[in-house]
Amino acid sequence: MNALVIDATADLEVHVPRGGDGTLQDGIVTVLDRSTAVDRTEVLDVSGVTPTLNDLRVDASVRLQVHIEGAVDDERDAVREAVADEFGVRAVSAVETDRSA
């Protein structure tokens, strides 16, 4: 079975651990890159940061390259599900793919 590679943009709420090395954007990329489905992440914009006890709750827009095994009916739903399943990702919205209508 071949993997489908999908380029997409999405708005996310991500929990970034405090005390990590690098920038806030680096922390967002680290959280998303834990997913075996995410091949590449680029942070386009950070629209909000809320400190919590152990981490930072970050609202961000990102560009992703995601690979999905098998056929999918809706690429946006496939991206949303692949990213939302990752620890630290609280919400995924406004997903658009390069082939979105």
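**View 1. Strand 1 meets strand 4.** In this predicted model, strand 1 and strand 4 run antiparallel and are joined by six bridges. Want one pair to look for? Find D11, then hop across to its bridge partner in strand 4, S93.

**View 2. The whole sheet, strand by strand.** Zoom out a little and you'll see an open sheet of four strands, in the order 2-3-1-4, with antiparallel pairing. Strand 2 and strand 4 sit at the edges with a single partner strand each, so one side of each has no neighbour in the sheet. From one strand to the next, the twist averages 25°.

**View 3. Two helices lying across the strands.** Helix 1 lies across strand 1, strand 2, strand 3 and strand 4, and it runs at about 130° to strand 2. Helix 2 also lies across strand 1, strand 2, strand 3 and strand 4, running at about 155° to strand 4.

**View 4. Inside the largest nonpolar core.** This core has 25 residues, and V66 and V83 are the ones touching the most other members. Helix 1 (24-33) and helix 2 (75-84) each chip in at least two residues, and so do strand 1 (3-17), strand 2 (38-51), strand 3 (55-69) and strand 4 (89-97). Which residues does V83 contact, leaving aside neighbours within four places in sequence? They are L12, L32, V38, L64, V66, V89 and V92.

**View 5. A closer look at T97 in strand 4.** Is T97 buried or exposed? Its relative accessible area is 9%, which is under the 20% cut-off, so T97 counts as buried. Not counting residues up to four places away in sequence, T97 touches I6, D7, A8, E75 and R76.

Methods: Residues numbered from 1 in each chain as written. Predicted model: local features only at pLDDT ≥ 70, side-chain atom pairs only at ≥ 80, totals over all residues. Heavy atoms only, no water. Core = buried A, V, L, I, M, F, W, Y, C linked by side-chain atoms within 4.5 Å. Buried < 20%, exposed > 50% of the residue type's maximum accessible area, 1.4 Å probe, protein only. Contact = heavy atoms within 4.5 Å. Pairing = 2+ DSSP bridges. Axes fitted to C-alpha atoms, helices over the stretch in contact; angles between N-to-C directions.
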